[in-house]
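Here is a friendly walk through a structure you may not have met before. Take a look at it, then read on for the details.

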Amino acid sequence: MGMDQNIVVTAQEIRDMKIRGAGRIARAGADAMRKFAESYSGSDIAAFRKDMDEASKVLLDSRPTAVSLWNGVQASMKGVKDEDDIESAKALLISNSEQFIKESEEAVRTIAKIGAKRIEDGDTIMTHCNSSVAIGAIVEAFKQGKDIKVFATESRPWRQGILTVNDLAKEGIDTTLIIDSAVRLVMKKVDKVLVGADTITSHGALVNKIGTSQVAMAAKEARVQFYTCSETYKFSPLTLDGDLVKIEERETSEVVKPGEIPDSVKIYNPVFDITPAQYIDGIITEIGLISPGSVYDVMERKFGTEMMKE
Ligand code: RI2
């Protein structure tokens with residue numbers, strides 16, 4: 001059977017950043033698997049298993065860094081291969097993906113509530129890139145009546161900071177946009193940093209938008225608390241097995257316009273970096289505020305030792 005068009009389109013939209021943000025791509029991946037099951041017209045269970053595998057690979061190939069996509073697709077497929085009957089296999093794929101999406105949305109809301117408690121009246125917050133989860137916590141704190149200010153980085157080259165300042169200004173929050181290289185200068189005015197996460201490794205490191213580690217270094221130097229807001233499906237069981245997180249490199253055309261620099265000049269455009277555990281004061285998850293050192297325990301509870309060995 002040819003590749004499901006909806007899978008191809010979703011993968012392309014994720015690759016092109018039409019759908020972006022670690023949480024959103026995970027939900028989009030799960031939703032594409034649901035639609036795959038709904039529209040599957042074959043009747044052979046062996047072919048269904050094979051086609052499902054191929055569809056999942058197409059989705060996972062779209063963006064390599066955020067493990068949320070991997071976890072969302074895996075959660076959707078959980079137990080489906082053990083079904084002998086095609087109708088029950090499809091039904092399980094559909095209900096798994098719906099459950100993942102529901103729990104993911106709930107997690108974002110829960111993190112907003114927990115994160116908001118770490119924000120105090122009068123705080124100035126810095127955020128980097130565009131994390132729906134970190135923004136959720138900031139907006140929740142503001143809605144609770146806390147008087148807060150936010151500095152948001154531009155986040156070159158995609159400039160997701162523009163989305164962030166729009167999200168915050170819409171709520172009426174006192175928001176200032178800064179260029180990425182202003183982070184250290186501005187840090188003296190900041191009380192807390194809240195960022196999102198694409199992946200959290202088994203040893204408590206944070207993989208997030210390029211520049212996050214510089215923000216974390218500047219925060220540590222200035223003794224400013226640094227938090228990452230991360231649903232537990234951004235925890236990577238693959239890293240426990242020693243796997244390295246692949247850092248996505250994107251097109252050089254995202255950095256300069258054609259003809260702007262000589263052809264002999266190389267461009268390197270990595271879009272994520274790694275912040276070691278010692279720079280992170282806390283990971284705000286839907287199961288609570290945890291330390292980077294607790295990631296292993298959470299992974300064991302969430303994924304089970306069997307899955308972690310796969
Ligand atoms: P939420 C984004 O990546 C940023 O790195 C952001 O911190 C992270 O995903 C998490 O986003 P990109 O897709 O799930 O813009 O918190 O490359 O929305």
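## Some ground rules

Helices and strands here are DSSP runs, numbered from the N terminus; a helix needs at least four residues and a strand at least two. Keep in mind that this is a predicted model.

With that in hand, take threonine 285, which sits in strand β9, a stretch covering residues 282–285. Is threonine 285 buried or exposed? It is buried, because its relative accessibility comes to 0% and the cut-off for buried is under 20%.

What does threonine 285 touch, once residues up to four places away in sequence are set aside? The list runs to Ile111, Ile114, Ser230, Thr232, Phe235 and Ile290. There's also a link to the backbone: a polar atom in the side chain of threonine 285 lies 3.0 Å from the backbone nitrogen of isoleucine 287.

## The chain as a whole

Let's step back. The chain has 11 helices and 10 strands. Its radius of gyration is 20 Å, close to the 19 Å that the globule rule gives for 310 residues, so the chain is as compact as a globular protein of that length. If you boxed up the C-alpha atoms along the principal axes, you'd need roughly 65 × 50 × 40 Å.

How much of the chain is buried? Buried residues account for 51% of the 310 residues. Take the contacts between residues at least 6 apart in sequence: 77% of them join residues at least 24 apart.

As for the outside, the chain exposes about 14,600 Å², and 50% of that comes from carbon and sulfur atoms. On the charge side, there are 40 positive and 48 negative side chains. The centres of those two sets lie 5 Å apart.

## Backbone oddities

A few spots in the loops are worth a look. Arginine 156 and proline 157 are joined by a cis peptide bond, with omega at about 0 degrees. You'll find proline 157 in the loop that runs between β2 (149–153) and α7 (160–170).

Serine 155 belongs to the loop between β2 and α7 as well. Its phi is positive, about 65 degrees, although serine 155 is not a glycine. With a relative accessibility of 1%, serine 155 counts as buried.

Methionine 17 is another non-glycine residue with a positive phi, near 65 degrees. Where is methionine 17? Look in the loop between α1 (5–15) and α2 (22–39). Methionine 17 is buried too, with a relative accessible area of 6%.

## A second buried threonine

Now for threonine 228, found in strand β7 (residues 225–229). Threonine 228 counts as buried because its relative accessibility is 0%.

Which residues are in contact with threonine 228, leaving aside its neighbours within four places in sequence? They are Val195, Gly196, Ala197, Ile200, Leu206, Ile280, Gly282, Ile283 and Ile284.

## Along helices α5 and α2

Helix α5 spans residues 86–118, and glutamate 98 is part of it. Glutamate 98 is partly exposed, at 42% relative accessibility. How far is glutamate 98 from aspartate 31 in space? The C-alpha atoms are 7.4 Å apart, although the two residues are 67 apart in sequence.

Asparagine 96 is in helix α5 as well. At 13% relative accessibility, asparagine 96 counts as buried. Not counting residues up to four places away in sequence, asparagine 96 touches Ala75, Ser76, Met77, Lys78 and Val80. Lysine 35 is 61 residues away along the chain, and 12 Å separates its C-alpha atom from that of asparagine 96.

Over in helix α2 you'll meet glutamate 38. Glutamate 38 counts as partly exposed, at 45% relative accessibility. Its side chain makes a polar contact of 2.8 Å with the side chain of arginine 34. Glutamine 144, on the other hand, is 106 residues from glutamate 38 in sequence and 42 Å from it in space, C-alpha to C-alpha.

Technical notes
Residues numbered from 1 in each chain as written. Predicted model: local features only at pLDDT ≥ 70, side-chain atom pairs only at ≥ 80, totals over all residues. Heavy atoms only, no water. Buried < 20%, exposed > 50% of the residue type's maximum accessible area, 1.4 Å probe, protein only. Polar contact = N/O pair within 3.5 Å; in protein donor to acceptor, adjacent residues only side chain to side chain. Contact = heavy atoms within 4.5 Å. Rg over C-alpha atoms; globule rule 2.2 N^0.38 Å. Areas by Shrake-Rupley, 256 points an atom, 1.4 Å probe, with all protein chains shown as cover. Lys, Arg positive; Asp, Glu negative; His and termini not counted. Charge placed at Lys NZ, Arg CZ, Asp CG, Glu CD.
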